[in-house]
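Student: I should like to take a close look at a single part of this protein. Could you please guide me through its nonpolar core and the helix that contributes to it, explaining each step?

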Amino acid sequence: MKQHRYRITVEHLQDPGGNPVTRDPLTFETGNHDDLFAIVERMRGRGDFDAATATSLAVGLKLFSEVMLENRDHPLFTELQPHFKQFMKHLKKGPATPGESSPDPETP
């Protein structure tokens with residue numbers, strides 16, 4: 001499968017107490033079938049979250065979902081796949097409009 005290639009860098013800035021952390025950044029390369037920058041812009045445009053939270057959600061979901069897609073037969077993902085698929089369908093519908101009720105999570 002053709003993929004976009006990315007270099008991801010995570011820097012640990014401070015611990016929960018607000019103390020600076022001196023640690024080498026975590027850097028790795030990965031691929032994704034989607035353009036992560038376009039996905040981030042769409043997530044930010046939804047208006048559900050501030051820009052940093054929307055970016056974190058978009059990148060986290062895309063990294064996770066690509067691993068799950070590439071390893072769809074791995075038993076670790078068996079129980080999660082149908083729920084994740086439903087979540088992604090709901091996410092792709094766009095933000096709920098005021099007064100719109102959320103779908104019942106118990107309804108298949």
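Tutor: In this predicted model, the largest nonpolar core consists of 11 residues: Ile39, Val40, Met43, Ala54, Ala58, Leu61, Met68, Phe77, Phe84, Met88 and Leu91. Two or more of these residues come from each of the helices α1 (36–46), α2 (51–70) and α3 (81–93). The greatest contribution is that of α2, which supplies four residues. Helix α2 is therefore the part to examine closely, since α2 gives the most to this core.

Its place in the whole should be fixed beforehand. The protein contains three helices and two strands, and their order along the sequence is β-β-α-α-α. Of its 108 residues, 19% count as buried. Among contacts with a separation of 6 or more, 47% join residues 24 or more positions apart.

Consider now the length of α2. With 20 residues at 1.5 Å a residue, α2 should span 28 Å, and the distance between its end C-alpha atoms is 28 Å, so the two values agree. At the N-terminal end, Asp50 acts as a cap: one of its side-chain oxygens lies 3.1 Å from the backbone nitrogen of Ala52.

Next, consider which side of α2 is turned inwards. The buried residues of this helix are Ala54, Ala58, Leu61, Lys62, Ser65, Glu66 and Met68. Viewed down the helix axis, they fall within an arc of 160 degrees, and therefore line one face of α2. A general rule helps in reading such a pattern: an α-helix has 3.6 residues a turn, so residues three or four places apart point the same way. The face turned away from the buried side carries Ala52 and Ser56, which are exposed. The buried residues of α2 pack against β2, α1 and α3.

Met68 offers a detailed example of this packing. Met68 is a member of the core, and, apart from neighbours within four places in sequence, Met68 is in contact with Phe77, Leu80, Gln81 and Phe84. Of these partners, Phe77 and Phe84 also belong to the core.

The buried face of α2 also includes Lys62, whose side chain takes part in a salt bridge. Lys62 pairs with Asp34, and their closest N and O atoms are 2.5 Å apart. This pair links distant parts of the chain, for Asp34 lies in the loop between β2 (26–32) and α1, whereas Lys62 lies in helix α2, 28 residues away. The two partners differ in their surroundings: Lys62 has a relative accessibility of 9% and so counts as buried, while Asp34, at 21%, counts as partly exposed. The cut-off for buried is under 20% relative accessible area.

The structure holds four salt bridges, and another of them provides a useful contrast. In that pair, Glu41 and Arg44 have their closest N and O atoms 3.3 Å apart. These residues are three places apart in helix α1, and are therefore separated by about one helical turn. Glu41 is partly exposed, with a relative accessible area of 48%, and Arg44 is partly exposed as well, at 37%. A further salt bridge joins the side chains of Arg46 and Asp48, with an N to O distance of 2.4 Å; Asp48 is partly exposed, at 37% relative accessible area.

To return to the helix itself, α2 lines one face with its buried residues and gives four residues to the core.

Notes. Residues are numbered from 1 along each chain as its sequence is written. This is a predicted model: local features need pLDDT of at least 70, side-chain atom pairs count only at pLDDT 80 or more; totals for chains, interfaces and linings use all residues. Side-chain values use heavy atoms; hydrogens and water are left out. A nonpolar core is a set of buried Ala, Val, Leu, Ile, Met, Phe, Trp, Tyr and Cys residues joined through side-chain atoms within 4.5 Å. Buried means under 20% relative accessible area, exposed over 50%, partly exposed in between (1.4 Å probe, protein chains only). Contact means heavy atoms within 4.5 Å. The expected span of a helix is 1.5 Å times one less than its number of residues. The arc is that of the directions from the helix axis to the C-beta atoms. A polar contact is a pair of N or O atoms within 3.5 Å; within protein, one must be able to donate a hydrogen and the other to accept it, and residues adjacent in sequence count only if both atoms are side-chain atoms.
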